[in-house]
Amino acid sequence: MATVEHGHGGEIPSTATPPPSRGAKISPGLLSMVFFIGSEIMLFGAFFTAYFFVRYNIADEWPPLNQNGEPFELPKVITAVNTAILVASSFTLHWGEHRLKHYNDRKGLERGLWVTLFLGATFLIIQINEYIHLGFTPQDTAFGSTFYTLTGAHGLHVFVGLTILTLCLIRVKRAHDFTPKWFTPLGAGSIYWHFVDVVWVLLFVLVYLL
C-alpha cells in the first residue's frame, strides 16, 4: 500500500511496501526440522544404497538359504497390515491438526494425538513380534544385517516420533497449549511423523515386496 512522504517540494507518494508480517515467515523451529529431515533423508539414502549394493553385487542369491536349505521368508501379509496401520496414523494426526487450525478445536487435536499414538505403538509392537518370529538374526549373512539395520533404524525413528507426539499431547492437556496461529512444536513433530511414515512405505515396497 502506498504511503505519503513529506518533502521540501510537497507530498511525494511512496511505493514502499510494509515488511511482511511474522505470520508469513516460517518459524525457526519448523525450519530446523526441515533441515533435520534433510539429514535423515541422506542417512536412509545411505542405508538403502548399502542394501541394494549387497543384494545385487555381493549376494549370490536373495534371500539366502537358512540352515534347513530353504530361503528366508519375510511376513508380507502381516507387514502390509502393519504398514496400513502406520499410514492411518498420519491421517489421524492430520485430522487433529486440521481441527485445531480451522476450528480451534483443542479437544479434536487431543483425540487425534491419542489415536496416532495408539496406532504408532501398535506398529512397534507388531514389528517387535515380527523380530521374535522371523527365524534369523542380524548375524545371519548380509541379508540379516541389512534387514535389521534398515528396519531397526526405522523403528528407532518411530519411537522418537512417539516421544515427540507424547510431549505435544502433554502440552495440550496440561498447558492448554497450541492455537490456530501458533503450533510450531506440533507442526515440527507432525513433519517428522509424516517423514517416518513415508520412509516405511518405501522400505516395505523395496525390502518386503521386491
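Where is the place of Val-34? Val-34 sits in helix 1, and at 42% relative accessibility this residue counts as partly exposed, where buried means under 20% relative accessible area, exposed over 50%, and partly exposed in between (1.4 Å probe, protein chains only).

The model is a predicted one, in which local features need pLDDT of at least 70 and side-chain atom pairs count only at pLDDT 80 or more, while totals for chains, interfaces and linings use all residues. Residues are numbered from 1 along each chain as its sequence is written, and side-chain values use heavy atoms, with hydrogens and water left out.

## Overall architecture

The secondary structure of the chain comes to five helices and two strands, and from the N terminus on the elements run β-β-α-α-α-α-α. Helices (H or I, at least four residues) and strands (E, at least two) are DSSP runs, numbered from the N terminus. The chain has 210 residues, of which 39% count as buried. Among the contacts in the chain with a separation of 6 or more, 73% are made by residues 24 or more positions apart, a contact being heavy atoms within 4.5 Å. The chain exposes about 12,500 Å², with carbon and sulfur atoms supplying 67% of that area; accessible areas come from the Shrake-Rupley method with a 1.4 Å probe, and for residues only the protein chains shown count as cover.

## The nonpolar surface patch

Val-34 belongs to a nonpolar patch on the surface, formed together with Ile-26, Leu-31, Phe-35 and Ile-191, and these residues have about 450 Å² of accessible area together. Helix 1, residues 28-58, gives the most to the patch, with three residues. Patches are made of residues with over 30% relative accessible area and no salt bridge, like charges being joined within 9 Å and nonpolar side chains (Val, Leu, Ile, Met, Phe, Trp, Tyr) within 5 Å.

## Buried polar residues

Thr-79 is found in helix 2, which spans residues 76-103, and counts as buried because its relative accessibility is 1%. The side chain of Thr-79 makes a polar contact with the side chain of Glu-130 at 3.0 Å. A polar contact is a pair of N or O atoms within 3.5 Å; within protein, one must be able to donate a hydrogen and the other to accept it, and residues adjacent in sequence count only if both atoms are side-chain atoms. Not counting residues up to four places away in sequence, Thr-79 touches Glu-130, Trp-200, Phe-204 and Tyr-208.

Gln-127 lies in helix 3, residues 106-133, and is buried at 4% relative accessibility. Leaving aside neighbours within four places in sequence, Gln-127 is in contact with Asn-82, Thr-151, Trp-200 and Tyr-208. With Asn-82, the separation in sequence is 45 residues, whereas the C-alpha atoms of Gln-127 and Asn-82 are 8.0 Å apart in space. Trp-200 and Tyr-208 thus appear among the contacts of Thr-79 and also among those of Gln-127.

His-157 lies in helix 4, residues 141-174, and counts as buried at 10% relative accessibility. Outside the span of four places in sequence on either side, His-157 touches Glu-40, Leu-43, Phe-44, Tyr-192 and Val-196.

## Salt bridges

A search of the whole structure finds four salt bridges, each defined as a side-chain nitrogen of Lys or Arg within 4 Å of a carboxyl oxygen of Asp or Glu. The table lists some of them.

| Salt bridge | N to O distance |
|---|---|
| Arg-99 and Asp-105 | 3.1 Å |
| Lys-107 and Glu-110 | 3.8 Å |
| Lys-173 and Glu-110 | 3.1 Å |

In the pair of Lys-173 and Glu-110, whose side chains meet in a salt bridge, distant parts of the chain are linked, with Lys-173 in helix 4 and Glu-110 in helix 3, 63 residues apart. Lys-107 and Glu-110, by contrast, both lie in helix 3, three residues apart, about one turn of the helix. Lys-107, Glu-110 and Lys-173 are linked in a network of salt bridges. Within this network, Glu-110 is buried, with a relative accessible area of 11%, while Lys-107 is partly exposed at 45% and Lys-173 is partly exposed at 41%.

As for the pair formed by Asp-105 and Arg-99, Asp-105 counts as buried at 18% relative accessibility, whereas Arg-99 counts as partly exposed at 24%.
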